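Biologist: Could we go through this model together? I would like to begin at the surface and then work inwards.

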Amino acid sequence: MKPPSMKGSSVNRRVLAFALPALLAAAAHAEFSPLSVHPEGFGMPVAPMGARERALGEAGMASIPLGGGFYPSNPARTAFNDKTVFTATLENDVDWLRDDASSTRQTTGAFPSLATLVKTKTFGTFGAYYQQAFQRNFEARMARSGDSATTGYIAEGGLYTLGASWGYAIRPWLSVGVAENLVLGRDRYIRSTDFTGTAPAEAEDLADTTLETSAVGSYPTISVMVRLPRNLDLALAYSHSASLDVERSRSTTYQGSDPVADTTADLPQTVSFGASWRPDKRQTAIFDVVYENWTDTRLLNPAWSVGAGYEFRASQSAFDGLLKRTAWRAGAGYKMLYLREVPEVYATAGFGMPLGLRGHQLDFAVKYGHRSLESGTLFTEDYVKLSASVVGVSVWGQPARRRR
């Protein structure tokens with residue numbers, strides 16, 4: 001038998017030596033958008049997925065990777081996992097904001113996601129995960145109307161999800177899944193100077209005011225997945241709406257302040273559909289549609305997105321070099337964001353490298369996006385996202401005769 005090639009290991013070390021420092025150092029700025037200003041929203045959405053799905057046009061509901069994977073919007077997909085899976089994802093932003101009327105300063109943003117999916121022989125696949133759903137992290141400086149003075153404030157915070165899921169294959173071609181999601185949120189607005197019309201109303205009457213909020217709530221997700229002949233897979237998922245209890249408090253630098261009344265905030269119902277087609281063992285074409293039923297108001301609107309991607313998987317032989325075993329991915333998509341009907345178009349690309357012989361994987365993805373409001377007359381924004389996922393697989397929970 002031919003011994004494993006040492007050439008792939010050498011290439012692997014060289015790729016990691018250059019790629020990992022670049023990923024960690026590239027995010028000099030966190031994503032900023034005027035959409036993050038509105039307290040009616042939760043900030044900018046962070047895609048709840050790994051680097052593989054990110055590279056596939058942020059699609060992949062119905063696409064099952066080798067060894068299994070994590071996709072919280074479709075817990076039914078986990079029922080078809082081959083093995084127990086551990087996933088850790090880190091996402092960074094590099095951002096350019098083109099806006100002649102204001103200046104901004106952003107800080108480094110890194111968004112981790114963690115998940116474990118335990119495959120059992122009889123009872124299906126059990127999962128637990130943590131992810132960040134929305135984020136704010138920026139300082140805004142704006143020219144005040146009528147004079148040359150500038151005003152500004154700092155906003156930071158986000159919405160975080162802790163979830164537990166279960167997926168079960170009723171038949172070899174049919175699975176169902178359920179998940180329960182606990183949502184925790186926090187936001188802080190620090191207004192260092194007096195201005196009108198930008199900060200939340202509660203922070204409007206005093207300079208040097210800090211408004212802090214915390215939110216908690218929960219919602220369920222259910223999904224079903226069908227594996228049809230000719231290598232066609234379909235998935236449908238539904239996430240129920242949630243009403244978050246929001247506690248608010250206000251403080252000032254030099255004096256006390258009256259308490260602020262608590263309130264509520266609503267998360268939307270979400271319906272998702274995904275399709276995956278494998279024309280052969282090495283190729284996969286993917287298409288997803290997502291609709292979010294946000295309350296239709298002056299600022300909020302129903303949101304939707306479409307994404308499509310393509311993956312070419314190379315050799316699965318452990319005796320081939322690294323490049324021959326690397327999976328290559330590309331995709332694109334279009335979104336209508338939930339604040340003020342802002343359209344966004346994006347393109348993605350990435351690759352997946354095997355780590356060792358047991359099926360572990362290291363995935364990279366890059367996304368370029370463009371969004372603008374009112375055809376660019378109010379703001380135009382370009383940004384780049386970098387993502388990396390480490391996927392570890394295990395034979396825990398499998399019968400000994402199936403371990404490999």
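**Surface, salt bridges and core**

Modeller: Phe-287 has a relative accessibility of 39%, so this residue counts as partly exposed. Please keep in mind that the model is predicted.

Biologist: Where is Phe-287 placed?

Modeller: Phe-287 lies in strand S13. It also belongs to a nonpolar patch on the surface, together with Val-224, Leu-236, Val-271, Phe-273, Tyr-291, Trp-304, Tyr-334 and Val-345.

Biologist: What accessible area does the nonpolar patch have together?

Modeller: The patch residues have about 740 Å² of accessible area together. Two or more of them come from each of strand S12 (269-280) and strand S13 (283-293).

Biologist: And for the whole chain, what area is exposed?

Modeller: The protein chain exposes about 19,000 Å², and 60% of that area is supplied by carbon and sulfur atoms.

Biologist: Let us step back to the fold. How many helices and strands are there?

Modeller: The protein chain contains 3 helices and 18 strands. Of its 404 residues, 49% are buried.

Biologist: What share of the contacts is between residues 24 or more positions apart?

Modeller: Among contacts with a separation of 6 or more, 64% are between residues 24 or more positions apart.

Biologist: Now the interior. Which residues have the most contacts inside the largest nonpolar core?

Modeller: That core has 22 residues, and those with the most contacts inside it are Phe-42, Phe-134, Leu-159, Leu-244, Leu-267, Trp-294 and Tyr-338. Strands S5 (125-143), S8 (209-228), S10 (242-252) and S11 (263-267) each give two or more residues to this core. S10 gives the most, with 3 residues.

Biologist: What is Leu-159 in contact with, leaving aside its neighbours within four places in sequence?

Modeller: Leu-159 is in contact with Phe-42, Gln-132, Ala-133, Phe-134, Val-183, Leu-184, Gly-185, Leu-244 and Leu-267. There is also a second, separate core of 10 residues, which includes Ala-62, Phe-80, Met-225 and Ala-237.

Biologist: Why might one expect nonpolar side chains to be buried together?

Modeller: This is a general tendency of nonpolar side chains in soluble globular proteins.

Biologist: On to charges, then. How many salt bridges does a search of the whole structure find?

Modeller: The search finds 17 salt bridges. One of them joins the side chains of Arg-136 and Asp-187, with an N to O distance of 2.9 Å. Arg-136 is in strand S5 and Asp-187 is in strand S7 (residues 174-191), so the pair links distant parts of the chain, 51 residues apart.

Biologist: Are Arg-136 and Asp-187 buried or exposed?

Modeller: Both Arg-136 and Asp-187 are buried.

Biologist: Which residue does Arg-329 form a salt bridge with?

Modeller: Arg-329 forms a salt bridge with Asp-363, and their closest N and O atoms are 3.1 Å apart. This pair also links distant parts of the chain: Arg-329 is in strand S15 (residues 327-336), and Asp-363, 34 residues away, is in strand S17 (residues 360-373). Arg-329 and Asp-363 are buried.

Biologist: Which residues are joined into one network by salt bridges that share partners?

Modeller: The network comprises Arg-54, Glu-58, Glu-91, Lys-335, Glu-344, Lys-367, Arg-371 and Lys-385.

Biologist: One last pair. How far apart are the closest N and O atoms of Asp-233 and Arg-227?

Modeller: They are 3.2 Å apart, in a salt bridge. Asp-233 counts as buried because its relative accessibility is 2%, whereas Arg-227, at 26%, counts as partly exposed.

Key
Residues numbered from 1 in each chain as written. Predicted model: local features only at pLDDT ≥ 70, side-chain atom pairs only at ≥ 80, totals over all residues. Heavy atoms only, no water. Helix = DSSP H or I, 4+ residues; strand = E, 2+ residues; numbered from the N terminus. Buried < 20%, exposed > 50% of the residue type's maximum accessible area, 1.4 Å probe, protein only. Contact = heavy atoms within 4.5 Å. Areas by Shrake-Rupley, 256 points an atom, 1.4 Å probe, with all protein chains shown as cover. Core = buried A, V, L, I, M, F, W, Y, C linked by side-chain atoms within 4.5 Å. Salt bridge = Lys/Arg side-chain N within 4 Å of Asp/Glu carboxyl O. Patch = residues over 30% accessible without salt bridge, like charges linked within 9 Å, V, L, I, M, F, W, Y side chains within 5 Å.
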